[in-house]
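Here are some short exercises to work through with the model open in your viewer. Try each task before you read its solution.

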Amino acid sequence: MNNLLNQLPCPALITNASGNVLAVNTDLLTLIGGTTEQWLEKPMELFFPPASRIFLQTHVWPMLYREESVHEIYLKISNAQGLRIPVMVNCQKGHFKSVDGYFWVFFVALERSKFESELLEARKRAEVSATALSERESFVKNITDAMPGLVSYWDHDLRCRFANKAYWAWYGKQPDTMIGHTLLELMGEHFYSRNEAHIRSALAGKMQTFEATLNKAEGGICFTLTNCIPDVDAQGMVIGCFVLVSDVSHIKSAERELRLAASVFESTIEGIMVTDAQGIILSVNPAFSEITGYPAEEAIGHTPHILKSNRHDPAFYAAVWQDVASKGRWEGETWNRRKNGEVYLEWQSITIIRSSADEPIRYVSVFNDITEFWQKDERMRHLAFHDSLTNLPNRTLLIERLGQLIAMTERTQRNVTLMFLDLDGFKAVNDNLGHDIGDELLQIVAQKLLEQVRLADTVARLGGDEFVILLDNPANKEEVARIAARIIATVNIPMNIGGKSASVGVSIGIAMHPTDGHTTAQLIKSADTAMYAAKEAGKNTYRFFNPTMTAKIKA
Amino acid sequence: MNILERNNVHVQGKDGAVLLYAHGFGCNQNMWRKVTPAFSTTHQQVLFDYVGSGKSDIASFDTQRYSSLQGYVQDLLDVCDALNLSSGVTFVGHSVSCSIGLLASITRPKLFDRLVLIGPSPCFLNDPPDYLGGFEREDLEDLLSLMDQNYIGWANYLASAAAGETPENTLSAELSDSFCSTDPLVAKVFAKTTFFSDNRNELPQVSCPSLILQHRHDALAPMVVGEYMHQHLKNSTLNVLDIAGHCGHMSHPALVIEAMRAYFNIPLHQHRDTARI
């Protein structure tokens, strides 16, 4: 039998049903080493590496017992050098020396296994790409499911072929019940018909982007931005479309608010200036330019110093910024300077805008030009306290100042003297030369009176041709008499008014505090009494008050 | 899907105690064909294929489920439930099915009267110094690669089926009964589950009496492994068959039948005394 085995051009052996060696040929011995004697009765497994042993026991023997032969099984043999040699194994059950024998033939299969390993590689690649495909599918699904937008695919009959999680959640469906639904079923007649034109256009091959309102399963509608992208096959036929729907309700309302804010910014009559935390101007509105004279491009990039008027000291600005820092806001009047150099008053509010980290990132200044209001206000104030013809203080202001001076005498030694003046012959000027000349004469007299006193003194007109002069702290009675005499002299100088000469005299009554009165009323009354005494004494003269005058006048 | 169809269940005989046969990795219920005739008059015998093996319903295969021996345990229990078997069953398992039967007996302590374990191993991997299962991880990786090489036949089989050859065709019929008819991916899952499982910790939880049929020269489940099982299984009997290989029930069915009969003849309560035959 060994001879027969040795005639085979490849390794071969015979075993019993347990795999113990009954005979072995030379080719096999050459491969695995050892002698026939050494191998007899030994398990053939000894020349197989562990993996091949397992395969023999789990696959080859069960098949041999069942089928009595195996063909072309790929195994490895450990050769004499310990290398693992791939072999193709064939085995056939037969009889050997009157017992069951298994006839094994091995083909050293380097060539063949090369081909098969290529085949195997190809299959592995196919496995890998199948795995990759399924991973890619689940990757795409995971991505689309993570998206807040609605992602779907519709075939040419507008039946759903794919819908991401947001999509089926939107319509309150389960993932499996979405597939196969038509768009019409899902959207309902009303919403479908409103969007149908876009959908038809997409199916005609035109990409569509449009805003639409959509119904939600939980009720209510949403503003959406929808993209319909046609899916075109290799022949150019539209076979379906991808639909991407984004809920833009929030964006919509934000946009509305933004647009409103922008239009307010653009159209408000209040100047608005926005700076960064370092005070660099970032934006200004048209009203800013109108008020300050600086066009936006000349303001942006600069600091608000370009507007500085120098009417406020550094302490003022320090207080402003202290308020902004502590209260987040400041409001008040500020004098600023326009581009043309003109100083103006503004009512300004400065607000701080903080980042989410609570750091100041912007300052917003909103202001009105209140210069005109201020001027009007000043004029009103002036009118209330002055005589409109001569611009001299009126009775009210006179009484206020007199009161102030009397109050001051209580703290410091101070002479306060009141002169009551009444023009002589003014009625004749008025009657003969006209009221206009008369008015002009009063203005000239007012000027003459001002020239005769110091700035600290007050010249007031009580009305008609009556004037009062309040002398603040004259040196003494003689000084007062000199002033009175000077006044009479200067008033007496004839005046040329509109080519006509006009002359008047003046009678002056003088009352001194506190001898002639403690209160404003008493002093005015005493001066008035003294003035009448001067009139009685022949006019165009002055008289100091004395108490006997009162009785005379009354009499 | 009906379990009886899914697991290709066959019941032989009507009377007698139930013998439930479970095949090992790489095989199917046909491996029992030299044993079953011996018990045809005394027992009712149940044979089945695990999902993914033999003529089971391949569509029911689930990689996740069968990546753990518990998936195969569930197949076994499903078959018992489908047949209304809840007690008095004698389990006969080969190789990895021994572990499956042991795990099932832990889940359903009443189901089995006794277990016949042919070539069992609780763990094929070496875990030195205390345990030598016989293999290194690398060996088992090589096995998977060998399977890849040999399951190429499966592709050929598919090709011939696609060419319209009838199942009656000799070659196709032959292939359909061999491992080559198995989906290589499915076989690899079973291989990994079989060879990378370690059930040593579960052995002490088994109380059901068992007969360990150990092959004297077995590359897959060597003597030391059989002895380890015997030491850790309560109420176990170790019977060493004087044969080489891993499939005594196929190569030397008479020896296996004899050992089974001898075991069945011992009254159940006597199994409680650990014995070595």
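**Exercise 1. Locate B:Pro129 and describe the peptide bond before it.**

Step 1: B:Pro129 sits in the loop between β5 (112-118) and α4 (137-150) of chain B; helices (H or I, at least four residues) and strands (E, at least two) are DSSP runs, numbered from the N terminus.
Step 2: The bond from B:Pro128 to B:Pro129 is cis, and its omega is near 5 degrees.

Before you go on, some ground rules: this is a predicted model, where local features need pLDDT of at least 70 and side-chain atom pairs count only at pLDDT 80 or more, while totals for chains, interfaces and linings use all residues. Residues are numbered from 1 along each chain as its sequence is written, chains are lettered from A and ligands numbered from 1 in the order in which they are written, and side-chain values use heavy atoms, with hydrogens and water left out.

**Exercise 2. Find where A:Pro514 lies and give the omega before it.**

Step 1: Look in the loop between β21 (505-513) and α18 (520-536) of chain A.
Step 2: From A:His513 to A:Pro514 the peptide bond is cis, with omega near 0 degrees.

**Exercise 3. Place B:Asn84, give its phi, and decide whether it is buried or exposed.**

Step 1: B:Asn84 belongs to the loop between α2 (69-82) and β4 (89-94) of chain B.
Step 2: Its phi is positive, about 60 degrees, although B:Asn84 is not a glycine.
Step 3: B:Asn84 counts as exposed because its relative accessibility is 69% (buried means under 20% relative accessible area, exposed over 50%, partly exposed in between; 1.4 Å probe, protein chains only).

**Exercise 4. Do the same for A:Asn310.**

Step 1: The loop between α11 (296-299) and α12 (314-327) of chain A holds A:Asn310.
Step 2: Phi of A:Asn310 is near 65 degrees, a positive value in a residue other than glycine.
Step 3: With a relative accessible area of 62%, A:Asn310 is exposed.

**Exercise 5. Work out the strand order of the open sheet of 5 strands in chain A, and say which strands stand at its edges.**

Step 1: The order is β7-β6-β10-β9-β8, with antiparallel pairing (two strands pair if DSSP finds at least two bridges between them).
Step 2: β7 (160-163) and β8 of chain A are the edge strands; each has a single partner strand, so one side of each is left without a neighbour in the sheet.
Step 3: Now zoom in on β9(A) and β10(A), which run antiparallel and are joined by 9 bridges. Here A:Thr226 stands opposite A:Val245 in β10(A).
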